[in-house]
Amino acid sequence: MKNIAYFIVKLSLSFSYLWDKIWCIAWKKSMRHCGKNVYLRPMSSDIKGLWNLSIDDNTSIPKGSTFYCTLAPLTIGKKVIFGPRPTIITGDHRTDLIGKYICDVTDKDKIENGKNIYDAPVVIEDDVWCGANVTILKGVTIGRGSIVAAGAVVTKSFPPYSIIGGVPAKLIKMRFTPEEIIKHEILIENK
């Protein structure tokens with residue numbers, strides 16, 4: 001009886017996986033850039049603005065991801081891993097227009113004097129690990145080799161090899177000393 005229940009559960013999960021595999025082909029071709037061996041669950045996630053999304057080689061985007069690429073791009077480097085349910089948003093709402101509901105503000109309304117100050121790129125460099133339920137907001141760059149603790153809300157940029165966490169996220173400590181960073185980068189470059 002237990003084996004039958006196990007089989008039924010596995011079968012039910014396979015439909016979602018296969019549905020994602022089918023749609024993955026079209027989604028990857030619609031992206032600004034998609035590298036090799038990118039794991040993506042498009043039908044199990046909420047991803048907007050594919051034309052502004054770049055994901056490099058050997059990166060894993062789990063189901064339940066929420067990525068909103070507005071007028072600003074989202075760039076995710078090589079060998080980046082995410083825990084469950086990451087949220088990344090490259091834009092913001094304009095809230096200062098008198099006589100207009102916030103939800104009625106258009107992309108054209110975000111442009112003032114030829115500049116968009118409401119949307120800003122997000123860059124997650126190579127070899128970053130983002131824990132479960134991480135939120136990363138507009139204008140943030142997370143340096144290579146960094147770790148973002150589960151539940152963190154990242155509102156500013158951090159240098160390579162940072163360990164960050166909290167709401168809002170702060171630097172907890174560096175992963176390596178400057179000497180260890182040099183040694184680490186030499187070793188991984190030779191792989």
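Okay, let's start with a pair of charged side chains: Lys48 and Asp46 form a salt bridge, and the closest N and O atoms are 2.4 Å apart. Keep in mind that this is a predicted model. Both ends of that bridge see some solvent-probe area: Lys48 is partly exposed at 44% relative accessibility, and Asp46 is partly exposed too, at 24%.

That bridge belongs to a longer list, since a search of the whole structure turns up nine salt bridges. Let me pick out a couple of others. Arg94 bridges to Asp96, with 2.7 Å between the closest N and O atoms. Here the two ends sit in unlike surroundings: Arg94 is buried, with a relative accessible area of 7%, whereas Asp96 comes out as partly exposed at 46%. And that pair isn't on its own, as salt bridges with shared partners tie Arg94, Asp96 and Glu112 into one network.

Next one: Lys110 and Asp119. Their side chains meet in a salt bridge at 2.9 Å, N to O. So, buried or exposed, these two? Lys110 is buried, and Asp119 is buried as well.

Right, on to the nonpolar side of things. Ile4, Phe7, Ile8, Leu11 and Phe15 make a nonpolar surface patch of about 540 Å². Take Ile8 from that set: it lies in helix H1, which covers residues 2–30. At 51% relative accessibility Ile8 counts as exposed, because the cut-off for that label is over 50%.

Now the rings. How many aromatic pairs does a search of the whole structure find? Three. One of them is Trp19 with Trp23: the ring centres are 6.0 Å apart and the planes sit at 75°, so we call the pair edge-to-face. The two residues are four apart in helix H1, which means about one helical turn separates them. Trp19 is partly exposed at 45% relative accessibility, and Trp23 is partly exposed at 36%.

Then there's Phe67 with Phe82, which is a tilted pair, 5.9 Å centre to centre with 55° between the planes. This one connects distant parts of the chain: Phe67 is in strand S6, residues 66–68, and Phe82 is in strand S8, residues 81–82, with the two positions 15 residues apart in numbering. Where the tryptophans are partly exposed, these phenylalanines are buried, Phe67 at 0% relative accessibility and Phe82 at 10%.

That's my tour; happy to pull any of these up on screen.

How values were computed. Residues are numbered from 1 along each chain as its sequence is written. This is a predicted model: local features need pLDDT of at least 70, side-chain atom pairs count only at pLDDT 80 or more; totals for chains, interfaces and linings use all residues. Side-chain values use heavy atoms; hydrogens and water are left out. A salt bridge is a side-chain nitrogen of Lys or Arg within 4 Å of a carboxyl oxygen of Asp or Glu. Buried means under 20% relative accessible area, exposed over 50%, partly exposed in between (1.4 Å probe, protein chains only). Patches are made of residues with over 30% relative accessible area and no salt bridge: like charges are joined within 9 Å, nonpolar side chains (Val, Leu, Ile, Met, Phe, Trp, Tyr) within 5 Å. Accessible areas come from the Shrake-Rupley method with a 1.4 Å probe; for residues, only the protein chains shown count as cover. Rings of Phe, Tyr and Trp (its six-membered ring) pair if their centres lie within 6.5 Å; planes under 30 degrees apart count as stacked, over 60 as edge-to-face and the rest as tilted.
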